[in-house]
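Hi,

Here is the model I promised to pass on. Have a look at it first, and my notes follow below.

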Amino acid sequence: MEQLRLEPISRVNGTVTLPGSKSLSNRILLLAALASGTTVVENLLDSDDIRHMLGALKLLGVNVTLNDERTVATVEGVSGVFNTPTEPLFLGNAGTAYRPLTAVLAAVAGEYELIGEPRMEERPIGHLVDALQALGGDVTYTKHKDYPPLKIVGGQIKGGEVEIDGSISSQFLTALLMAAPLFNGDTTITIKGTLVSKPYIDITLDVMARFGVNVEHSDYATFKVKGGQQYQSLDRIMVEGDASSASYFVAAAAIAGGEIEIKGVGAKSVQGDIGFAKVMEQVGAKIDWYDERLVVRKGELKGVDIDANAIPDAAMTLATVALFAKGPTAIRNIYNWRVKETDRLYAMATELRKVGAQVVEGEDFIEITPPETFNDVAVDTYDDHRIAMCFAMVAVGGKPITINDPKCTYKTFPTFFNVLASVSE
Ligand SMILES: O=C(O)C1=C[C@@H](OP(=O)(O)O)[C@@H](O)[C@H](O)C1
Ligand SMILES: C=C(OP(=O)(O)O)C(=O)O
């Protein structure tokens, strides 16, 4: 297994220009493909999750031209008329590819098989499939009920009234919303249970509106989408920097300071994970806010007790900031950490204990008490990009650490360790 040794970092200083947002990149690519006309996507993220979406679009007959850096894509929309692929669509462990494609391909004519990495076959999708089947969609499990892989015979959905359970993932609602304009008839979607990760629905509605489709909704409880609509291509659309990726550099500056300027996200970001910077101000970081950039400096860090349901990805970064805060940190209302790239509650608790922290792992929360003394260990990363990036904060805090399988960051941030090194002293 590859290992990356990180020696203690004394300070961080400089400017980080963020890669494009994973969540925005995959939504924009799919809607651009569904549109009629050509869309140029700028600041596209180049990572595994995006490459899986691009691979699927290619098999579906969508022509996408990329620049050398794979950060500008020219997408020739096919108005939702896809080729029936000659092989299954392999989507890795990319939730933002797998879920939206499931709903969209259930809406348009053709036969499709959606497969993924072993972990994707352990990530539930039953809430989405239930809703699609209730609307007349022909979606079947090829191995186990409620889990990928899926077989889809598209084009059977007329629209109508449907309930969808929002308690495990917001991506199921995102998928249904993105597909609903393609249904023949109008659709009213009602949320069953509590909707988690709500800010990601704002991202979905924002991108849909930019491609010409508006959704009526009342307080995230009921959504009305007119059927028979066509997404409209855009001459150009710029992808914001990834706010979840920004969290590691907000944390690094807060822990180790000097000063880091983070370009690509700011006060005007549409991504909920920008809320992590607000949390870090509570923790003690000093942050200057601009429309599309942040300037972050060190502060006296103290533990906080927060409901992190709105910022599930960036909240992981708080779990390692906690190692350097005065007093305990509690991160609550994050049950669905357990169904992401790994069971993140178990994995973070296990690796934080290895480093020397005292940890309480609850059903849907984690409490971290910083170590008296740090252990110089090799942390396992469970094929989870965020675990690798979170534990890099140990080195930022001035302690040596080894990261096992560091290339797992390729899922959303292939250049992470190079960027961290570029601002480290
Ligand atoms: O819609 C999206 O782009 C995402 C939604 C979130 O998932 P859940 O809604 O399952 O929490 C988040 O964890 C994921 O990284 C991206
Ligand atoms: C959960 C994540 O990804 P996804 O659900 O999009 O696979 C993530 O990026 O932390």
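Let me start with T402, which counts as buried because its relative accessibility is 10%, under the 20% cut-off. Keep in mind throughout that this is a predicted model. T402 sits in strand 23, which covers residues 401-404. Its side chain makes a polar contact with the side chain of R5, at 3.1 Å. If you ignore neighbours within four places in sequence, T402 is in contact with two stretches: Q3, L4 and R5, and then V377, A378 and V379.

Just after that strand comes D405, in the loop between strand 23 and helix 12 (416-422). The phi of D405 is near 55°, a positive value in a residue that isn't glycine. Most residues other than glycine have a negative phi. As for cover, D405 is partly exposed because its relative accessible area is 30%, which falls between the 20% and 50% limits.

N333 gives a similar entry for your list: phi is near 65°, again positive in a residue other than glycine. You'll find N333 in the loop between strand 19 (329-332) and helix 10 (344-355). With a relative accessible area of 32%, N333 is partly exposed too.

While you're going through the backbone, there are cis peptide bonds to check. Most peptide bonds are trans. The bond from P148 to P149 is cis, with omega near 5°, and P149 belongs to the loop between strand 8 (138-141) and strand 9 (150-154). Another cis bond joins G257 and G258, where omega is about -15°. G258 is in the loop that runs between helix 7 (243-256) and strand 15 (259-263).

Now for the ligand. Which residues come closest to ligand 2? Of the 14 that surround it, the closest are K22, G95, R123, R386 and K411. Some individual distances: an N or O atom in the side chain of K411 is 2.8 Å from an oxygen atom of ligand 2. For Q171, a polar side-chain atom lies 3.0 Å from a ligand 2 oxygen. N93 takes part through its backbone instead, with an N or O atom 3.2 Å from an oxygen of ligand 2. Taken alone, ligand 2 exposes 300 Å², and the protein buries 98% of that.

On to the packing. The largest nonpolar core has 80 residues, and the members touching the most others are F82, L105, L177, F223 and Y231. Apart from that one lies another core, of 78 residues, including A251, A252, I287 and V423. Back in the largest core, Y231 is a good residue to click on. Leaving out residues up to four places away in sequence, Y231 touches L31, L34, A35, S36, L177, M178, P181, L182, M208, F211 and V213.

Last, the annotation. An unreviewed UniProt entry places the feature "domain: Enolpyruvate transferase" at residues 7-420. Over those residues the chain is 31% helix and 23% strand. The end C-alpha atoms of that stretch are 12 Å apart.

That's what I have so far. Shout if anything is unclear.

Cheers

Notes
Residues are numbered from 1 along each chain as its sequence is written. Chains are lettered from A and ligands numbered from 1 in the order in which they are written. This is a predicted model: local features need pLDDT of at least 70, side-chain atom pairs count only at pLDDT 80 or more; totals for chains, interfaces and linings use all residues. Side-chain values use heavy atoms; hydrogens and water are left out. Helices (H or I, at least four residues) and strands (E, at least two) are DSSP runs, numbered from the N terminus. Buried means under 20% relative accessible area, exposed over 50%, partly exposed in between (1.4 Å probe, protein chains only). A polar contact is a pair of N or O atoms within 3.5 Å; within protein, one must be able to donate a hydrogen and the other to accept it, and residues adjacent in sequence count only if both atoms are side-chain atoms. Contact means heavy atoms within 4.5 Å. UniProt positions are given in the numbering used here, feature names are shortened, and annotations may be inferred rather than shown by experiment. A nonpolar core is a set of buried Ala, Val, Leu, Ile, Met, Phe, Trp, Tyr and Cys residues joined through side-chain atoms within 4.5 Å. A residue is near a molecule or strand if one of its heavy atoms lies within 4 Å of it. Accessible areas come from the Shrake-Rupley method with a 1.4 Å probe; for residues, only the protein chains shown count as cover.
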